[in-house]
Every structure is written in structure tokens, then in C-alpha cells.
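Thanks for sharing this one. Here are a few notes to read alongside the structure, with strands taken up before charged pairs.

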Amino acid sequence: RSALYLTAYRCSGVGLALCRRLLEEDGRIHLCIACRNAQKSEATRDLILATHPAAQVSTVEVDLGNLASVLRVARELRCRFQRLDFVYLNAGIMPNPHVNFKALWHGLLTGRVLHMLTTAEGIMTQTDRLNGDGLQEVFATNLFGHFILVRQLESLLCGNEKPSRLIWTSSSNARESAFSLSDYQHAKGQESYSSSKYATDLTSVVLNRKFNKQGLYSSVVCPGLVMSNMTYRILPVFLWKLLMPIMWLIRFFAKTYTLTPYNGAEAHVWLFKQKPEYLDVLVKYHSCTSGLGKSYVEPRKMDVDEETAEKFYQKLLELEKQSLERYSDLLD
């Protein structure tokens, strides 16, 4: 079996843990790591081979926020593979995150602080910008680049003897209140990360409706709060060091505080072992960890409207058509 893992920046954290855990489940898979930094993906490959020397591990270079790069890697993958059994769509960015400490204090006074700490609702904002394709950078990297890649890899994903799987990394921060069909790239707001993750949930729902009969199934997971490179950019390092003992205590009350990459990959690995036809397409699978450190998966119904999902999918198709007109030389 083949498994493609996608990451936007460093092949570390949940990504590295996931690769190792997948090989522990099935050492026969061919694992292909796709990363925007070729040196780091090769370094990750070396780390994996150090613990799994017999594993089949290859790499490709792709920037999910650059359409030309996405189209080039899709062509390369079509040449290298006859099918893809699993595609882990994990690339994500959160540029210039800001914490609203005033809102956090208000949450403490009103008793909503635990909810805010587990979802980042009302306390986390980002400053987005346009990329080279004229798209909002967070939307392009977190969702649209993945969507284009999936569309370009349909020949490897559909019509196989066994089902193929898309497993998207979403978030508990994915909220309908941050998303708007009229501004689905979130150019006017300050919660681009939340918007892009809610858009991910919508996309997965529609992909199941469109492609299940062709043997392609889509699921979304939330890794919980993992201490990763993205997380460490939110606050200064010295603050994290002060907060870590408190965060371990919070885990007794907030099961989504997975904290370690190994725990964060729990839902990804659990889905690897499931038969997709028995999964609920309206459920997000959350990695959870008990206060004593036991990892498990909790299914939760997504707050998605299927009519909105269909309308958003049509907008993605329109944007795809407009965006690819300039890249005809990279299309077969």
C-alpha cells in the first residue's frame, strides 16, 4: 500500500510521529513524504529509516501555497505511482498569530476560559496576505492547494480495487462563525486559520458525496493541542516554559490537550485501520488524551450545513477553473 503525507513547513511534530506510527502498523507500505523544504524532508526520511531501516520511504518537494508547485508534484506523483491508498492532507500555516489577552481574561471571569483554551475561540487572530497566485495565503496553503492536488490525483485515487482515503487535518478551531461564503478566502477577517479549517470540513463532506461511489473516501481529524513548531510561534518561548506545568494540569479537564506529537497522531492512525464505508462522513475524529496520558479517539458531529458545503464546492470549482487557465503548460 502507498501512503502520501503532506506538510507545508517542517516534516516534524505530528508528521514525523504519524510516519513512524503508520510503519509500526504496516511495515509494507510505501511512504512518500511531501514537504516544501527538500532538505528537511530528506532529514525526516533519515530519521524514519533509523528506526525502520527496511521501510520504503521516498520524498517529493511541494509548496501547497503555490499552484505551479502543486501541479508539478501532481504530475510527478502520477508518474511514480499507479495508485495512492492514503493521502494525509496535513499542510497548514498560521501566519502572525496574536493572542487577545483581554478576551482571555474576560473568559476567565465569565467561566468560558476552558472552552476558549480548547478552541481558541475569541482569543486567536492572524494577519493574512496575498500569495503569488493572488489568493489569500492561508486559504491557499491550508485548503485550496490540497483541493487542487486531490483533483489532479483523481486517476490514482478513484476506481481502484480497494478504497482510497483522504485524511484531512482540521481543528477544534474550525468554526462556522469565522467562515463566510461571500468571503470564503477570509480576506476581510482576522481568523483566517479558523475559516480555512471550517472550509476543510465542508470540502470533506462534499467529496464523500461526489466520490464514494468511485471508491474515494474522505475524513477529517483534529490532533488536539500539540506542542509543535506552529504552536511555539504563538507565544514567546519563555512563556511556554512557564505555562507547560499548567497545561499538563489542564489536560485533566481538557482531553484535547494531547500535547505530544505521538498523542496528536492518534486519530490519523486510528482511521488508517478503519473500513471507510462504515465511517460517518459528518463526524470529525479527535485525538484525545486522558489526564493520566492514555490516548484515544473521540468522534464528534461536525457543525456543517450540507447545502452550504455544496455551494462552497461549486465556488472551489469556479476558482479552480480561473486559477488553472494560466498554467495550461503544466496540465496533461
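1. Strand β7 is covered on both of its faces in this predicted model. On one side S164, L166 and W168 are buried, and on the other side R165, I167 and T169 are buried too. As background, side chains in a regular strand alternate between the two faces of the sheet. For β7 (residues 164-169), six of the six residues are buried, so the strand is largely enclosed by the rest of the structure.

2. What flanks β7? Strand β4 (residues 86-89) runs parallel to β7 and is joined to it by four bridges. Strand β8 (residues 216-222) is also parallel to β7, with six bridges between them. I167 is a handy residue to look at here: it is the bridge partner of Y88, and its bridge partner in β8 is S219.

3. Please also follow the chain from β7 to β8. Together with helix α8 (residues 192-211), these two strands make a right-handed β-α-β unit.

4. Now to the charged side chains, where the count comes to 17 salt bridges. One of them pairs R83 with D85, at 3.1 Å from N to O. The two partners differ in their surroundings: D85 has a relative accessible area of 4%, under the 20% cut-off, and is therefore buried, whereas R83, at 38%, counts as partly exposed.

5. Helix α8 comes back in the next pair. R209 and E306 form a salt bridge whose closest N and O atoms are 3.1 Å apart. This pair links distant parts of the chain, since R209 sits in helix α8 and E306 in helix α13 (residues 306-324), 97 residues apart. Both residues are partly exposed: R209 has a relative accessible area of 43%, and E306 has 38%.

6. Which residues join R209 and E306 in a network of salt bridges? They are K210 and E310, so do view these four side chains together.

7. Last, a pair within helix α13: E307 forms a salt bridge with K311, with 3.5 Å between the closest N and O atoms. Because they are four residues apart in the helix, E307 and K311 are separated by about one helical turn. E307 is exposed, with a relative accessible area of 53%, while K311, at 45%, counts as partly exposed.

Note on methods. Residues numbered from 1 in each chain as written. Predicted model: local features only at pLDDT ≥ 70, side-chain atom pairs only at ≥ 80, totals over all residues. Heavy atoms only, no water. Buried < 20%, exposed > 50% of the residue type's maximum accessible area, 1.4 Å probe, protein only. Pairing = 2+ DSSP bridges. Right-handed = clockwise from strand over helix to strand, strands pointing away.
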